[in-house]
Amino acid sequence: PQPVRLADYRPFPFAIETTRLVFDLHPTATKVTAELAIRRVGDATEPLVLDGERLKLLSIAIDGQALGANQFVVDAEHLTIAEVPDRFVLTTEVEIDPSSNKALTGLYMSGGRFCTQCEAEGFRTITYFPDRPDVLSRYTVRIEADRKFPHLLSNGNPGAFGQVGETRHFLEWTDPFPKPCYLFALVAGDLDVLADKFITMSGREVALRILVDPGQASRAAYALDSLKRAMKWDEDTFGREYDLDLFAIVAVRDFNFGAMENKGLNIFNSALLLADPETATDLDYERIEAVVAHEYFHNWTGNRITCRDWFQLCLKEGFTVFRDQSFSADQRGAAVQRIKDVRALRARQFAEDAGPLAHPVRPSSYLKIDNFYTATIYEKGAEIIRMLKTILGDAAFRKGSDLYFDRHDGQATTVEAFIACFAEASGRDLTAFFDWYEQAGTPSVTIDTDYDAAAKALTLTLTQSTAPTPGQPNKKPLPIPVAIGLLSAEGEVLRDTEIVLLDQARQTVRWEGVTSAPVLSALRGFSAPVNLTTDARASDRYVLFAADPDLFNRWEAGQTLARDLILARAAGTPDEVGEERYADALGRALVDDAAEPAFKALLLALPSEPDLALMSDPADPAALHEARDTLRTRIAVHLGDLLRRLHGEMQSEGEFSASAEAAGRRALRNACIEILAADPRDDNLMRIVGHFEASRNMTDMIGALYPLVSIGGVAREKALANFHFAWRAEPLVLDKWFAVQGRDPNEDALERVIALTSYPDFEPTNPNRLRALVATFANFNPARFHDPSGAGYRFLADQILAVDAFNPTTAARLVDPLGGWRRYKPELGQQMREQLERIKAHPGLSRNVLELVAKALD
Ligand code: BAL
Ligand code: ZN
C-alpha cells in the first residue's frame, strides 16, 4: 500500500454546500440517502471522486436524473464521476449492515442501539462523501427507525418529528455550523436521560442531556457536573462560549476511543462517563472529569476550527489535551496534576519516541491515520503548547489564542497558521519553535554546574542533543525552556525560578550573587519534555526531596533516588546503605504535615517497571522486577509502623466525597497497603484483607484487591472469587477484575491470563474488556509478559491476529509492547521479533497492523 504524504496535499476541487442525509434504520439493512449540493471550486477538468467503502449502491442521480452505468465507476474505495456540471445536486442511496460491523467505525450496533464513530475515516462506510477534514458542509439529517428505538439523535438542534405508519417514527436535525464529516454522529435507541441546563456568559440557555443505558442515569451525575464546570472554565480561561441550544452526550459500551467530540453530540465510552462510589474508582472520576472537559473543549479546538488534513491532528488534539490538563490542574491542584501528567507522558510518549514508532508531532506520511492517535500527537502535542505558554508568558499566550479563534473560526487550518497567531500576538519569531512539531525524539539535556565561592557566582553549562529516529538521522537544537531555581545545602531558597531558554547545542549562563554552594533544582514543573542529566550528587537529591518548594521536583528527586537504587541492584551492584537512607528520607517526607495526602501517595509509588525498562540498556524485565520488589520490601519493613499508622489515620468514616482532598486520603491509604503487601506478615495480611472486606467504595476495594492478588495463594483466590461474585453483572467493574489479573505479578500469571481468554465473561469484540486483560498484561506486567519461553509474546501475537480479523483499529493498538524489541536483552528481543515477523506474514492482515509491524521491524 502507498503512504499518504503531507507534501501531496491538494484542496478538494468541489465544495459541498449542504448535505442532507436520510437514514432508514434497520439493524441489518439500513438505507442511507445522501443529497449533496455541490459546487465546483477547482479546475473544470477534475472528476468528482468520493470516498466510500463497504457500501451497496442502490441508486445514483444528478439533479434528479439517474446516472447510467457508463457515467460513473465504483471500486472498493471510491465512487468516481468523470463529468459533472459546475453546480449540481448528487443523490445517492446506499445500504449498509450495522449489525455485522465489529470494527466499530462508521454506523454500528452497541447494546442493541445504533451509534456512530466517524473520526478519522468512518464516514466513508456510511455514505459516499469526500471523507477528509477540509470539506465543511451544513447538515440536515432525518432519522427514521422502529419505535423500539425511542431516542433518535444527531448533531445540532432537533426539528420536525412524527410517526411513520404503525411502528416507525422519525426526527429531523439541523446543524447550523458547517462541519467536516468526521464530526457527524447518530444515535438511536432506548436510553435514560439526565437533564440540566447551563446559562452561558452572554446569557443564553443551553439544554444539557446525558443519555445512558436504562437505569444508569444517576451514574452520569458526576459527568454532568464536570461538563458544567468545564463550560464555565472555558468561558473564564479562554473566552469560549458554547454555540448550540443543546449539548448531548451518549454513553456506549463498545467503543474504540475513549470518547468523541461530534458537534453537539459527544459519544463516550461508558467507562469514561459513568461513575458512582460503589462501582468507580477515584481514578475513574478523575478521568471522567478530564475527558468530559476534553471533548467539550473540542467544540472550539477541533470543531469550530478544524484540521486542514490529518497531518494537522495535533492542532486539535495537542491543544485540547493542554486545555484539559489545565482545567484538571485548576480543579485538583497543579502540582499533583502535573506529576500525573508527566508520569503518563514518560510512560507512553517517551517510550514511543525511543522506539521504532517514533514520529514527529506533525508527521509527514502515514498508511492508516488511525495509527496516529498516539501519545506523541496528544501528549507531546500538549507539552509543546505548554512550552509556548511558558516562553511567551500568560498574557501573550492568551492574546495569541484569541487571535487564533477570531481569525480561523469556521476554517480547516494548519499548525503553521496556529503558530503564526502566537508569533503575531507576541511579536516573537517562532520559526525555531516550529521545529518541535517536525522533529521526533526526546531531547537529552545536560546541566553542569561550576560554583565560584570567592566570586559568589554560579556558571551553568547546558547542552542538548537528540538521538536519531527513523527517517531523521540529523537533529537540530530546539528552543527548550528550562525552569531553574537554587536551594542552599540546608534546603533554603537561594534563588527563585527563572526560565533559561536553551536554544543552542551548548550554552552557558552565569549567575552572580549566589551566596552559598547551591543545590540545583532544574526543569522545575517539568518545563520541557526532555530527559535531564545533571551533575547533582545523591546528597543534592536528598536536599530537593526534603525541601524543594517546587513540588514536581521534590517528587522527581525521590523518583530519581529510587530509580538509581533499583537500577544498581538490577545490575548486580546493590547499594544497601543507600536503600536504607532512601527509606529514611521517604519516612520523613510522609510525616511532613504541610504536604497533602495526594502528594504523599505519589511519593510512595516507586518508578514503574516499564519506566525502569526504558532507563536500562538492554532491559532485563525479570531483574528489574526483582530489584524493584526488594526496595519495596525494604520500605515495607523499614517504614512498617509508619505505613500502618498512616493507613489508619487516612480512613474516613463519613459520607463518600469525590473531592480531590478525599480522593487524596484514599490514595495515600491505598499506597500504604500496596507497599505493606511486599511484607505479607500476618498483621499486614490481616490489615489488607480487613481493608478489602470493609471497603464501601470501589477505590478502597480495588486498592486492596491488587495487593491481595500480588500476595498470591489463598488471599488471591478468595479476593478474586468474592469480587467476581459481587460484580458479575456490572461490565465496567468486571473490566477491573480482568485488569487486576492482567497485572498479577505471580509466576503463574501468564497461564492464568491465557485461561481467562476462554472465560465466558471475556468478550474480545468489546475493546474495554480486551484492553483490560490483554493490553494491561502486555504493557503493565513486564516480568510476566517477557517470560523467557516467549509464551507471552506468542499470546499477544495470537490476540492481535484474532482481533485484527474484525477490529483493525483496536488490534493495531496492541502491537506496541512488541515494538520495542531492540531495547530488550537479545534472547528476549529475538523472540519478540519472531512474533512481529509472524504477524507480518499473516494473510489478510489489515493496513493498520501492517504499518506498525513493518515499522517495528524496519
Ligand atoms: N478525536 C478523537 C477523540 C478525542 O481525542 O477526543
Ligand atoms: Zn481529542
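## Exercises on strands, domains and one buried asparagine

β19 and strand β21 (residues 265-269) pair in the parallel sense over five bridges. The exercises below start from this pairing, and they should be read with the reminder that the model is predicted.

**Exercise 1.** Work out which strands pair with β19, where the chain crosses to reach it, and how its residues are covered.

*Solution.* Begin on the side of β21, where the bridge partner of I249 is N266. Turn next to strand β18 (residues 205-212), which is joined to β19 by five bridges and runs parallel to it; in this pair, L208 stands opposite F247 in β19. Between these two strands the chain passes through helix α1 (residues 221-238), and the resulting β-α-β crossover is left-handed. Finally, consider the burial of strand β19 (residues 246-252), for which seven of its seven residues are buried. Both faces are covered, with L246, A248, V250 and V252 buried on one side and F247, I249 and A251 buried on the other.

**Exercise 2.** Trace the open sheet of eight strands from its β6 edge as far as β3, giving the sense of each pairing on the way.

*Solution.* The order of the strands is β6-β5-β9-β3-β2-β12-β15-β14, and the pairing is mixed. The edges are β6 (65-66) and β14 (157-164), each of which pairs on one side only. Starting at β6, the step to β5 is antiparallel and rests on two bridges, with A61 having A66 as its bridge partner in β6. The hairpin of β5 and β6 has two residues between the strands, and D63 takes a positive phi near 50 degrees there. The following step leads from strand β5 (residues 56-62) to β9, again antiparallel, over six bridges, and here I60 has T92 of β9 as its bridge partner. From strand β9 (residues 87-96), 10 bridges lead on to strand β3 (residues 30-40), and these two strands also run antiparallel; A37 is matched with V89 in β9.

**Exercise 3.** Describe the open sheet of four strands, and say which residue is the bridge partner of L460 in β29.

*Solution.* The order is β29-β26-β25-β31, with mixed pairing. The edge positions belong to β29 (506-512) and β31 (531-534), since each pairs on one side only. From one strand to the next, the twist averages 20 degrees. At the β29 edge, strand β26 (residues 457-465) is joined to β29 by seven bridges and the two run antiparallel; within this pair, the partner of L460 is V509.

**Exercise 4.** Decide whether N781 is buried or exposed, and identify what surrounds it.

*Solution.* Locate the residue before judging it: N781 is in the loop between α22 (767-780) and α23 (782-785). Its relative accessible area is 4%, and because the cut-off for burial is under 20%, N781 counts as buried. A polar atom of the N781 side chain lies 2.9 Å from the backbone oxygen of G742. Beyond its neighbours within four places in sequence, the contacts of N781 are G742, R743, D744, P745, A749 and T776.

**Exercise 5.** Place N781 and strand β29 in the domain assignment, and state what separates the centres of domain 1 and domain 4.

*Solution.* The assignment gives domain 1 (4-190), domain 2 (306-438), domain 3 (444-535), domain 4 (537-679) and domain 5 (728-858). By these bounds, N781 belongs to domain 5, whereas β29 (506-512) belongs to domain 3. The centres of domain 1 and domain 4, taken over C-alpha atoms, are separated by 54 Å.

How values were computed: Residues are numbered from 1 along each chain as its sequence is written. Chains are lettered from A and ligands numbered from 1 in the order in which they are written. This is a predicted model: local features need pLDDT of at least 70, side-chain atom pairs count only at pLDDT 80 or more; totals for chains, interfaces and linings use all residues. Side-chain values use heavy atoms; hydrogens and water are left out. Two strands pair if DSSP finds at least two bridges between them. Axes are lines fitted to C-alpha atoms, for helices over the stretch in contact, and angles run from 0 to 180 degrees between N-to-C directions. Buried means under 20% relative accessible area, exposed over 50%, partly exposed in between (1.4 Å probe, protein chains only). A crossover is right-handed if, with the strands pointing away from the viewer, the path from the first strand over the helix to the second runs clockwise. A polar contact is a pair of N or O atoms within 3.5 Å; within protein, one must be able to donate a hydrogen and the other to accept it, and residues adjacent in sequence count only if both atoms are side-chain atoms. Contact means heavy atoms within 4.5 Å. Domain bounds come from an automatic or database domain assignment.
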